[in-house]
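Reader: I would like a close look at a single part of this model. Please take one helix and go through its form and its packing.

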Amino acid sequence: MSFFFLFRNNAVTTTQKLLLALRFYATGSFLISAGDVVGVSKSTACVIVRDVSVALAQLRPQFIKMPETNDEIKELQKQFYGIAKFPLVIGAIDCTHIKIQSPGGPNAEYFRNRKGWFSLNVQTVVSAKLKIMDIVVRWPGSTHDSTIFSRSKINNDLHVEQKWGNSLIVADSGYANTKHIVTPFLNPQAGPENLYNESQIRTRNPVERCYGVLKRRFPVLSLGMRLQISNIQNVIIACSVLHNIAIDCNDVMPMDDVQLPDELTELINEPTIENRQNNARTRLVNEYFSHL
């Protein structure tokens with residue numbers, strides 16, 4: 001949908017509205033400060049940010065998408081293999097908390113995460129080049145990562161529809177091992193399991209780096225938004241769309257603070273019960289890493 005149809009207030013041009021919203025995303029400043037850029041009130045600035053965010057979020061199907069062809073699948077697998085020689089991977093999955101102001105009302109405490117502040121818990125699947133390929137922005141901060149995944153479309157596409165064949169997605173130990181989700185061993189045995197863990201952790205690192213880059217690019221995602229939940233959701237998706245556009249345009253990548261952990265325990269997020277039964281992780285160890 002064109003911006004020209006969304007904005008009918010001729011007092012502020014379409015370009016000015018877009019620039020106001022971009023300033024809000026990029027500084028995390030109060031709406032009244034963002035509005036001062038083009039000389040509008042706080043209430044008008046709020047409407048502008050809402051409308052621009054909706055327009056950008058509507059571009060989601062164009063810029064945020066999983067692979068659709070065999071060639072795209074093979075290219076993703078090749079890119080991930082190049083990181084640490086982990087085969088068949090098309091994405092890395094995790095969740096990140098986006099800070100918000102308390103939404104108030106009887107359900108406000110659902111948004112308080114385990115660190116004690118209010119947030120939305122946002123799930124993404126990212127590529128080796130840090131592009132966001134899938135995003136879920138509807139769960140309060142108290143929701144566990146594995147719950148979000150189990151109720152997401154990506155889970156159905158992987159395990160029921162099997163849209164990407166035998167492809168894999170790497171995750172941390174907060175997720176369950178399945179035919180298509182592979183996590184680190186909590187207590188790896190010497191040899192192939194250690195090799196597997198080292199490769200898996202490095203292969204999963206892009207999702208952590210993506211969050212670091214995304215939040216540096218758009219500090220509004222870190223500082224805590226004072227907007228209605230529906231508007232916050234649109235801002236998050238809008239920033240994700242812009243992040244992917246920036247990558248497509250080879251924009252300079254902001255520095256991120258993410259480092260590979262020294263210990264596996266740093267990756268564990270309320271781990272599920274260790275599962276060594278027949279799944280993709282076990283097959284990889286037996287059929288691939290044991291021969292390296």
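Author: The model is a predicted one, and the part chosen here is helix H9. H9 bends by about 30 degrees at Asn 205, and Pro 206 is a proline that follows within four residues. The helix covers residues 192-217. H9 has 26 residues, and from its first C-alpha to its last it reaches 38 Å, close to the 38 Å expected at 1.5 Å a residue.

Next comes the packing. Two packed helices are described by the angle between their axes and the distance between the axes. For H9 the partner is helix H11, residues 229-248. The two axes come within 10 Å and cross at roughly 105 degrees. Angles of 65 to 115 degrees count as roughly perpendicular, so H9 is roughly perpendicular to H11.

On the H9 side, the contact is made by Cys 210, Val 213, Leu 214 and Arg 217. An α-helix has 3.6 residues a turn, so residues three or four places apart point the same way. On the H11 side, the contact is made by Cys 239, Ser 240, His 243, Ala 246 and Ile 247. The residues of this contact of H9 with H11 divide into six nonpolar, two polar and one charged. Arg counts as charged, and Arg 217 is the H9 residue of that kind in the contact. Ser 240 and His 243 of H11 are the polar ones.

Terms used. Residues are numbered from 1 along each chain as its sequence is written. This is a predicted model: local features need pLDDT of at least 70, side-chain atom pairs count only at pLDDT 80 or more; totals for chains, interfaces and linings use all residues. Side-chain values use heavy atoms; hydrogens and water are left out. Axes are lines fitted to C-alpha atoms, for helices over the stretch in contact, and angles run from 0 to 180 degrees between N-to-C directions. Helices (H or I, at least four residues) and strands (E, at least two) are DSSP runs, numbered from the N terminus. Angles under 35 degrees count as roughly parallel, over 145 as roughly antiparallel, 65 to 115 as roughly perpendicular and the rest as oblique. Contact means heavy atoms within 4.5 Å. The expected span of a helix is 1.5 Å times one less than its number of residues. The bend at a residue is the angle between axes fitted to the seven residues ending there and the seven starting there.
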